[in-house]
Amino acid sequence: MAKETTELTWEGKKSQIKLSIYEVKRKIQKALFGKIRFKKSLKANTKKNIFVWSMLALPLLNLLVFWLYVNIDSILLAFKNIDYAAGGVEYWTLDNFKTIYQMFTEHTEGYDLLLYGANTMKYWLLGTVWSIPHSILLTYVFHKKIRGTKFFRVVLYLPSIIAAVVLAGIFEAFISGKGVLGKILIDVFNVERVPAWFQEVEYATPMLLFYSFFFGFAGSYILFSGAMARISREVQEAAALDGATMWQELWHITIPMMWPTISMTIVTSFAGIFGATGAILLFTPNLPPTFTFGYWIFDQVRRYNAYYLPSALGFVFTLIAYPIVLLVRKLVTSIYADVD
Amino acid sequence: MSAKKRDILERRRTVPERIFFIVAFLVLAVWTIIVLYMFFWALMSAFKTNIDYLREPLALPDLLHLQWENFTLAIDLLEFNNVGFFGMLWNSIWLVFGSSILASLSICVTGYIFAQYEFRGRELLFKIVLFIMIIPIYGSLPATYRLIYSLGLNDSPLYLVTQIGGFSANMMITYGFFKGVPRAYREAVYVDGGSDWKAFTTIGLPMGKNILIAFFLLNFVQFWNDYNTPLLYFNERPTLALGLYAFQQEIQYAANYPAYFAGALIAMIPILLIFIFFSDKLMGQMYSGGLKG
């Protein structure tokens, strides 16, 4: 028994040794390969990171300089002004905000912010309250294949690619006293004097709005048509089988299903609520009563190299618009939130 | 689709629906006629003498005496800060081509990287892009203007660096596109011993070719027509759009409309060529809801 035990023990010892050698080998191999693999993956990872960040470097630098720095500087400029008497030294001040308050309350020509605010709202109403429902209807009409859809789509697209300068020049000539509209007004309607539409305050802003309306007729059609085209045919067929009218389909199927695009458009339009510039630069750059907030800022920078007051005004608008945008975003995303 | 299914969607319209569609058709038809007539009228006027134009604005030009001289006159009259037509044309060419290439390429690069790679900081950068999309920042023009001038980028080819955007709302479109490209394609390049750069040039760029071209065309149209940026930053090296803007401002007072229309037509040639040769591509891309590959 004892011999057997000894022999077994010997065999056991042998197998234990074999096992140990194998284990050690395996461990060494594992460690070696593991290490090699680890080294390899580290190298690959570094290479990947170098590639990723070298590809992103220039866009990132651009973002840091022309977005981050610019916006920080823009906020700082709002609290600064310049003392030319002291050799152009910048100093910190809150005076810009006092001036803005005065510009709202005192109606000085060229600095009448209340008037510019009223003009800005007109453009915003045209671009949002009118344009969004109008664009939905227009898209729906094309979606239901009105006669001549293809042709209308091409013409609707034209004002988007033809230079605004060219459009404006043709439009201005067309409606002027020496143009087609002028001729019609004089010969057919016996009008004695055709107004200089863009030089007379009375007509200038309505005409600018009309221009925006007329050449912006396509509105958000381009954006909405894609969203409408993506609505599943099965859903539309199911609605049709249930006997839904077109309006019911539009209201209960189409609008809810393209709501993400519509809501994004609404949010974007609120984000740009104070930014409208219309076609002022094209038609009435020397007529301050037609100015908007956005154009006034542009004009101050371009013509007078004024940085401080326009930055302060921009800062005030950002402070006002930001909560509005967040609120609108919350509201619009809660509508049809359960639609899939 | 079966005929039965088509019938379901194209059922007979009710009376109010029919009235609505007739009204919609008429509105669109009137709008289209006015727009097309306006362009036709401008084209015809470009071939008239100024006297004929002022005397009979609605009349067609004398076909036997088309005023081709208006085009040479326009070339002479188009001038800004002592830079003539051909100088402005050259400025337009390098500025527009450079800007379009850099803007479209950078948007494709960022979209490709975000869609194809996981890396530290990716989520943060993505959130920044979303933040940029919705935050309303006003009044950054003064700071931008000051920066451009203090860096000396105005009137300089170096201005093109401002066009390497990449992080904007458009990135979402290229991101969405490259997200649809299986990562396995890229990994196949590694198996063959290729690098990330090789994967980008042999997989990313060829697959994203259509979206890149579409962005290039859209940017080209936008930059070619842009008079605003040159007005702010390129007064010494004006573009054709800026020259045309100056011309348009002057004709309000000293009108030679036929010459202006001729100049406008010349400036429109590249855009019209793009429209003629790429209209399907351009419109298809835009009308399909943003861009697709």
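**Exercise 1. Contacts and burial in chain A**

Task: Find which share of the contacts in chain A with a separation of 6 or more comes from residues 24 or more positions apart.

Solution. Residues 24 or more positions apart supply 66% of the contacts in chain A with a separation of 6 or more. Two residues are in contact if their C-beta atoms, placed from the backbone, lie within 7 Å. The model is predicted: local features need pLDDT of at least 70, side-chain atom pairs count only at pLDDT 80 or more, and totals for chains, interfaces and linings use all residues. Residues are numbered from 1 along each chain as its sequence is written, while chains are lettered from A and ligands numbered from 1 in the order in which they are written. Next, burial: 32% of the 340 residues of chain A count as buried (20 or more other C-beta atoms within 10 Å of the residue's own, C-beta atoms being placed from the backbone).

**Exercise 2. Two helix pairs in chain A**

Task: Determine how helix 2 of chain A and helix 14 of chain A are oriented to each other.

Solution. Start with the geometry. Helix 2 (residues 95–105) and helix 14 (residues 308–334) of chain A pack at about 75°, their axes 9 Å apart. Axes are lines fitted to C-alpha atoms, for helices over the stretch in contact, and angles run from 0 to 180 degrees between N-to-C directions. Helix 2 and helix 14 of chain A are therefore roughly perpendicular (65 to 115 degrees). Now the residues. Helix 2 of chain A uses A:Asn96, A:Phe97, A:Thr99 and A:Ile100; helix 14 of chain A uses A:Tyr308, A:Leu309, A:Ala312, A:Leu313 and A:Val316.

Task: Do likewise for helix 3 of chain A and helix 8 of chain A.

Solution. The axes of helix 3 (residues 113–143) and helix 8 (residues 221–229) of chain A come within 9 Å and cross at roughly 50°. That makes helix 3 of chain A oblique to helix 8 of chain A (neither under 35, nor over 145, nor 65 to 115 degrees). Helix 3 of chain A contributes A:Ser135, A:Ile136, A:Leu138, A:Thr139, A:Phe142 and A:His143, which meet A:Tyr221, A:Phe224, A:Ser225 and A:Met228 in helix 8 of chain A.

**Exercise 3. Domains of chain B**

Task: Identify which helix of chain B gives the most to the side of domain 1 that touches domain 2.

Solution. The domain assignment gives domain 1 (3–69) and domain 2 (75–287) of chain B. Their C-alpha centres lie 32 Å apart. In chain B, 9 residues of domain 1 contact 6 residues of domain 2. Helix 2 (15–45) and helix 3 (50–55) of chain B each give two or more residues to the domain 1 side. Helix 2 of chain B gives the most, with 3 residues.

How values were computed. A residue is buried if 20 or more other C-beta atoms lie within 10 Å of its own, exposed if 12 or fewer, and partly exposed in between; C-beta atoms are placed from the backbone. Domain bounds come from an automatic or database domain assignment. Helices (H or I, at least four residues) and strands (E, at least two) are DSSP runs, numbered from the N terminus.
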